[in-house]
Amino acid sequence: MEKLIKDMFKDVIESNHYDETVIKKYFSENYLQLVDNKSLDFSQFNKHMAKINEITSSITVDLVSYASGAESIFTKHIVSSNFSDGTHTRHKVFAEFKIIDQKITYCDELTFLIEGPQAASDMGSIM
């Protein structure tokens, strides 16, 4: 499970190119994400990732810690984003991922802005 999440961070979040095919490699089409009290289904998550790729020039994810069980993994990670306008942000993220048949089916996430403009506090759900 740890490898799946690390690979997803690299191939989906850190990628400078939006590709729904890559997203489908990691996420179930029944995917549901609860992020900062907002709900995103698979289609909305794809729109979110397309928007993230549109407005950022680079993203790095530093996996600080994780704990896993039979079908879930909890992570604490730091997401550093550089935006096309020169802005830089860092977010601390706590996430619970549910994984079934090697696909992420659910994520419950809290995202906290630790550096950057307050306007970037919705990075976890922006579309």
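This is a short chat about the salt bridges in a predicted model.

Student: How many salt bridges are there in this one?
Tutor: The count comes to seven salt bridges, and since the model is a predicted one, that number is computed from the predicted atoms.

Student: Okay, what does lysine 10 pair with?
Tutor: Lysine 10 forms a salt bridge with aspartate 11, and the closest N and O atoms of the two are 3.2 Å apart.

Student: And is lysine 10 buried or exposed?
Tutor: Lysine 10 counts as exposed because its relative accessibility is 53%, whereas aspartate 11, at 23%, counts as partly exposed.

Student: Switching to the helix, which residue does glutamate 20 meet?
Tutor: The side chain of glutamate 20 meets that of lysine 24 in a salt bridge, with an N to O distance of 3.7 Å.

Student: Where do those two sit along helix H2?
Tutor: Helix H2 covers residues 20–26, and because glutamate 20 and lysine 24 are four residues apart in it, about one helical turn separates them. As for accessibility, glutamate 20 is partly exposed at 31%, and lysine 24 is also partly exposed, with a value of 32%.

Student: What about glutamate 96, what's its partner?
Tutor: Glutamate 96 is in a salt bridge with lysine 98, where the closest N and O atoms lie 3.3 Å apart. Glutamate 96 counts as buried at 17% relative accessibility, while lysine 98 counts as partly exposed at 33%.

Student: Which residues get joined into one network?
Tutor: Glu20, Lys24 and Glu29 are joined into one network by salt bridges that share partners.

How values were computed: Residues numbered from 1 in each chain as written. Predicted model: local features only at pLDDT ≥ 70, side-chain atom pairs only at ≥ 80, totals over all residues. Heavy atoms only, no water. Salt bridge = Lys/Arg side-chain N within 4 Å of Asp/Glu carboxyl O. Buried < 20%, exposed > 50% of the residue type's maximum accessible area, 1.4 Å probe, protein only.
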